[in-house]
Amino acid sequence: MTKEIYGYIYDLPMGCITESDIYTSTGALLCPKMTIMDKGMIESLSHYRGKIHAVVSFEGFDEEEYEEEVDDEFLPEEDASLVFEETFKQFVAESLHTLYSNLEDTDSLISGVSEIGHKVCEIIDDAKELSINLSKLKVCDEYTYKHSVDVGTMAAIVAKALGESKEFVRDIAVAGLLHDIGKERIPTEIINKPAKLTSEEFMTMKKHPVHGYHILMDSKNITEEMRKGILNHHENIDGSGYPRGLKGDEIGKMAQIISIVDVYDALVTERSYKAAKTPAQAIEIMFTMSNKFNMEYFKAFLSVVNVYPNGSTVNLSTGDKAIVLSQNRAYPLRPIVKTLIEKKIIDLATNHSYLATVITA
């Protein structure tokens, strides 16, 4: 018996035989016809997360059972996280390169970065939901520009999730874009050093927030709250940060939000001296640092970050592979998944039978 399938790899019945070639959405051959879809083949193809069109034959195929199995209720929810169009990414990369090359003209710098920040806020306002998937935001491979845009965007999303005013959201987007501007005053050999900094070099690096404040100090186009956000973004609420060892409310709301997203983006970004952490690893590390963050803002951050985006394939500690169906916003490391082989729906946050089950990769 044959069946035409419009769906995903995990919708292919176990043991079926493909009667047609299966292609990716871009036209690449994913699987030739007359392929037996056993457990090993389905697992090997599960890296492809897009939709497929296939005709398969299946001995003893039960049409009613199949229709129940691929009910749209159990397909992954759309990943509605923020997306930057390629034209916007190119505009941002080129603009930041030009603006950073002439720091003496602070009015042009602030004007240009404000334009980018306002556009970021428009994109956030038009988004279907407040969620962050860094792979969709990536502007370019150049760390300085990528990191600046990541931090500005994430800070604005967290601020909006907290219910802050449109003015505050716009201001924190611009402050986030500028938060590391002081590094332009740090010697290049320190910024680009591929090894751990010496104590003396690190002391020099720790001055970059002060340099950033001074670069922007005389500009009338940026508020003092924004300058303080830049100056204090490495301060911790327990007083262990720098450059002044401030505590709690002394740091300011804007800096406390920027601090959280700055740490996250630094952890998940590869540098010459360190490998990138996965989003899950980064979140786990940040939980151990919770004494350094404002917990209200940290919870807001956790509610918008997509650790395991909808439609992504994950490995469970049970040995199963699964597809992520939807998010548990209060528990970003515990999404709702569907196993690829048994096609079992599991809410990792609430299903008591799976409370010990974790995503291993």
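## Report on the predicted chain

Residues 24 or more positions apart account for 62% of the contacts in the chain with a separation of 6 or more, where contact means heavy atoms within 4.5 Å. The model is predicted, and local features need pLDDT of at least 70, side-chain atom pairs count only at pLDDT 80 or more, while totals for chains, interfaces and linings use all residues. Residues are numbered from 1 along each chain as its sequence is written, and side-chain values use heavy atoms, with hydrogens and water left out.

**Overall make-up**

The chain has 14 helices and 9 strands; helices (H or I, at least four residues) and strands (E, at least two) are DSSP runs, numbered from the N terminus. Along the principal axes, its C-alpha atoms fill a box of roughly 75 × 40 × 40 Å. Of the 361 residues, 50% count as buried, a term that means under 20% relative accessible area, with exposed over 50% and partly exposed in between (1.4 Å probe, protein chains only).

**The three-stranded sheet**

An open sheet of 3 strands follows the order β1-β5-β2 with antiparallel pairing. β1 and β2 (17-18) stand at the edges with a single partner strand each, so one side of each has no neighbour in the sheet. Two strands pair if DSSP finds at least two bridges between them; β1 and β5 (residues 52-57) run antiparallel and are joined by 6 bridges. Within this pairing, threonine 2 has serine 57 of β5 as its bridge partner, and glutamate 4 has valine 55. Strand β1 (residues 2-7) has a covered face made of Lys3, Ile5 and Gly7, whereas Thr2, Glu4 and Tyr6 form the uncovered one.

**The four-stranded sheet**

A second open sheet holds 4 strands in the order β6-β7-β8-β9, again with antiparallel pairing. Its edge strands are β6 (313-315) and β9 (345-347), each pairing on one side only. Neighbouring strands of this sheet are turned by 40 degrees against each other on average, direction ignored; the axes are lines fitted to C-alpha atoms, for helices over the stretch in contact, and angles run from 0 to 180 degrees between N-to-C directions. β6 and β7 pair in the antiparallel sense over 3 bridges, with threonine 313 opposite isoleucine 323 in β7.

Asparagine 328 belongs to the loop between β7 (321-326) and β8 (336-339). Asparagine 328 counts as buried, at 15% relative accessibility. Leaving aside residues up to four places away in sequence, asparagine 328 touches Arg334, Pro335, Ile336, Asp347 and Ala349.

**Helices α3 and α4**

The expected span of a helix is 1.5 Å times one less than its number of residues. The table sets this beside the distance between the end C-alpha atoms.

| Helix | Length | Expected span | End C-alpha distance |
|---|---|---|---|
| α3 | 15 residues | 21 Å | 21 Å |
| α4 | 21 residues | 30 Å | 30 Å |

For α3, the two values agree, and for α4 they also agree.

The buried residues of α3 are Phe88, Lys89, Val92, Ala93, Ser95, Leu96, Leu99 and Tyr100. Their cover includes α4, α5 (134-137), α6 and α7. In α4, the buried residues include Thr106, Leu109, Ile110, Gly112, Val113, Ser114, Ile116 and Gly117, and further along Val120, Cys121, Ile123 and Ile124. What covers the buried residues of α4 includes α3 (86-100), α6 (143-161), α7 (166-178) and α10 (208-216). An α-helix has 3.6 residues a turn, so residues three or four places apart point the same way.

**Aromatic rings**

The whole structure contains 8 aromatic pairs. Rings of Phe, Tyr and Trp (its six-membered ring) pair if their centres lie within 6.5 Å; planes under 30 degrees apart count as stacked, over 60 as edge-to-face and the rest as tilted. The rings of phenylalanine 202 and tyrosine 242 have centres 6.2 Å apart and planes at 80 degrees, so this pair is edge-to-face. It links distant parts of the chain, 40 residues apart: phenylalanine 202 is in helix α9 (residues 199-205), and tyrosine 242 is in the loop between α11 (224-231) and α12 (253-268). Phenylalanine 202 is partly exposed, with a relative accessible area of 38%, whereas tyrosine 242 is buried at 16%.

The rings of phenylalanine 293 and phenylalanine 298 have centres 5.4 Å apart and planes at 35 degrees, so the pair is tilted. Both of these residues, phenylalanine 293 and phenylalanine 298, are buried. Ring pairs link Tyr264, Phe287, Phe293, Phe298 and Phe301 into a cluster.

The charged end of lysine 253 sits over the ring of phenylalanine 168, 5.8 Å from its centre; the criterion is NZ of Lys or CZ of Arg within 6 Å of the ring centre and within 35 degrees of the ring normal.
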